[in-house]
Amino acid sequence: NVKEWGAVPDSTLSTLNTNNAPIIQSMVDYLATVGGGRIHTPAPNVNEAEYGMQKPNATTACVTVTSSSVTISGDGPASIWKTYLDEDIPLHFSTEADITVVSMVGDPVADFEVYGMHIKGTNNYTNFGLAEGRGILFRNAKDVSVHDNTITSMSMIGICAEQGDGYFRVQNNQIHSCRYTGINYNGRCY
């Protein structure tokens with residue numbers, strides 16, 4: 001539970017008040033040491049409160065999962081991860097944390113599930129080209145299930161998968177107001 005680790009939802013703001021990305025990243029890093037697990041984002045007790053996040057530097061996402069067998073879950077549309085920069089990527093699954101690395105090498109990371117979350121961007125369109133402005137980005141990842149989420153207002157793409165094999169199941173998601181496309185799978189837009 002992200003709140004138990006110290007995450008703080010803020011009421012809807014136009015600027016970042018509390019950056020919860022480092023707290024959630026520490027949870028992801030812990031799961032890597034124990035072979036995986038689930039990170040749950042409960043719906044805040046305050047209407048329209050959001051878990052704000054911002055990436056730590058220009059070459060990483062807000063939260064990056066580089067190990068297998070991780071589930072990110074929430075309580076539905078009220079479990080909001082909100083970004084405040086157009087180029088932010090709230091959630092990145094990859095063998096490489098650096099989002100500027102295009103060609104992945106080595107075995108893919110695997111066995112991911114994302115459900116019950118609301119990923120929310122800035123609603124500004126900026127054409128970043130590769131990697132930036134995605135809601136959920138998978139690179140060199142396989143055996144993925146993304147279902148029952150809401151992804152809104154990303155500056156580029158809602159869900160993006162690049163360089164992966166195995167299954168990639170995207171089902172029952174509400175993706176809207178993403179400025180380029182809702183889903184991109186290895187260069188194909190849906």
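**Strands and salt bridges in a predicted model**

Colleague: Is Thr 181 buried or exposed?
Modeller: This is a predicted model, and in it Thr 181 has a relative accessible area of 11%. Buried means under 20%. Because 11% falls under that cut-off, Thr 181 is buried.

Colleague: Which residues is Thr 181 in contact with, leaving aside its neighbours within four places in sequence?
Modeller: Thr 181 is found in strand 16, which covers residues 181-185. Leaving aside neighbours within four places in sequence, its contacts are Met 156, Ile 157, Gly 158, Cys 189 and Tyr 190.

Colleague: What is the order of the strands in the open sheet of six strands?
Modeller: The edge strands, each pairing on one side only, are strand 4 and strand 17 (188-189). The pairing in this open sheet is mixed. The order of its six strands is 4-7-10-13-16-17.

Colleague: In strand 7, which residue is the bridge partner of Val 65?
Modeller: Strand 4 (residues 63-65) pairs with strand 7 in the parallel sense, over three bridges. In strand 7, Val 65 has as its bridge partner Phe 93.

Colleague: Are the residues on both sides of strand 7 buried or exposed?
Modeller: Strand 7 runs over residues 91-94. Leu 91 and Phe 93 are on one side, with His 92 and Ser 94 on the other. Both faces are covered, and these four residues are all buried.

Colleague: In strand 10, which residue is the bridge partner of Leu 91?
Modeller: Strand 7 also pairs with strand 10 (residues 134-139), in the parallel sense and over four bridges. In strand 10, the partner of Leu 91 is Ile 136.

Colleague: Which residue in strand 13 does Arg 134 stand opposite?
Modeller: Strand 10 and strand 13 (residues 157-162) are parallel partners, joined over five bridges. In strand 13, the residue opposite Arg 134 is Ile 157.

Colleague: How many salt bridges does the structure hold?
Modeller: One of them joins the side chains of Lys 120 and Glu 50. Another is formed by Glu 132 with Lys 55, and another by Glu 162 with Arg 139. The number of salt bridges in the structure is three.

Colleague: How many residues apart are Lys 120 and Glu 50?
Modeller: Their side chains meet in a salt bridge at 2.7 Å, N to O. Lys 120 is in strand 9 (residues 118-120) and Glu 50 in strand 3 (residues 49-53), so the pair links distant parts of the chain. In sequence they are apart by 70 residues.

Colleague: What is the relative accessible area of Glu 50?
Modeller: Its partner Lys 120 is partly exposed, with a relative accessible area of 23%. Glu 50 is buried, and its relative accessible area is 2%.

Colleague: How many residues apart in sequence are the parts that Glu 132 and Lys 55 tie together?
Modeller: The closest N and O atoms of this salt bridge are 3.2 Å apart, and both residues are buried. Glu 132 lies in the loop between strand 9 and strand 10, and Lys 55 in the loop between strand 3 and strand 4. The pair therefore ties together parts whose separation in sequence is 77 residues.

Colleague: At what relative accessibility does Arg 139 count as buried?
Modeller: Arg 139, in strand 10, forms a salt bridge with Glu 162, in strand 13, and their closest N and O atoms are 2.6 Å apart. Glu 162 counts as buried at 16% relative accessibility. Arg 139 also counts as buried, with a relative accessibility of 1%.

Terms used
Residues are numbered from 1 along each chain as its sequence is written. This is a predicted model: local features need pLDDT of at least 70, side-chain atom pairs count only at pLDDT 80 or more; totals for chains, interfaces and linings use all residues. Side-chain values use heavy atoms; hydrogens and water are left out. Buried means under 20% relative accessible area, exposed over 50%, partly exposed in between (1.4 Å probe, protein chains only). Helices (H or I, at least four residues) and strands (E, at least two) are DSSP runs, numbered from the N terminus. Two strands pair if DSSP finds at least two bridges between them. A salt bridge is a side-chain nitrogen of Lys or Arg within 4 Å of a carboxyl oxygen of Asp or Glu. Contact means heavy atoms within 4.5 Å.
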